[in-house]
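Visitor: I would like a close look at one part of this model, followed by what surrounds it.

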Amino acid sequence: MTVFQLMLMTFLIVCAVSASFSRNLLNSVLIYMSFSLVMSILWVCLESPDLAITEAAVGAGVTSLLFFATLKKIRGIVIEREVEKREKEEEEAKEHE
């Protein structure tokens, strides 16, 4: 096993742990995408290009798009202006109490 493959496997572990502990759903999806891309590179290193293409297409592609669509539907992706507006409203509500 090469040093490059060990680095990739270490990165996979870091991605898995950070995706599970991330509080922001958008960050979790982005970390999941990077996990899938690194996994597809690892499949290429292991001389399995068919699995690499499948992992890249399904893992990083289709599944991530479905996650993004779901986050958009449940309003998990919020524009920064909306977040600032909510924070301002919360501060004003605290001041009035």
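Visitor: Which residues make the nonpolar surface patch of about 340 Å²?

Guide: This is a predicted model, in which local features need pLDDT of at least 70 and side-chain atom pairs count only at pLDDT 80 or more, while totals for chains, interfaces and linings use all residues. Residues are numbered from 1 along each chain as its sequence is written, and side-chain values use heavy atoms, leaving out hydrogens and water.

The patch is made by Ile13, Val17 and Phe21; patches take residues with over 30% relative accessible area and no salt bridge (Lys or Arg side-chain nitrogen within 4 Å of an Asp or Glu carboxyl oxygen), joining nonpolar side chains (Val, Leu, Ile, Met, Phe, Trp, Tyr) within 5 Å and like charges within 9 Å. Areas come from the Shrake-Rupley method with a 1.4 Å probe, and for residues only the protein chains shown count as cover. Phe21 lies in helix 1 (residues 3–21), helices being DSSP runs of H or I with at least four residues, numbered from the N terminus. Phe21 counts as exposed because its relative accessible area is 67%, where exposed means over 50%, buried under 20%, and partly exposed in between.

Ser40, in helix 2 (residues 25–45), is by contrast buried, with a relative accessible area of 8%. Leaving aside neighbours within four places in sequence, Ser40 is in contact (heavy atoms within 4.5 Å) with Ala52, Glu55 and Ala56. Ala52 is also among the buried residues of helix 3, which include Gly59 and Ser64, and the buried residues of helix 3 pack against helix 2.

Technical notes:
Helices (H or I, at least four residues) and strands (E, at least two) are DSSP runs, numbered from the N terminus. Buried means under 20% relative accessible area, exposed over 50%, partly exposed in between (1.4 Å probe, protein chains only).
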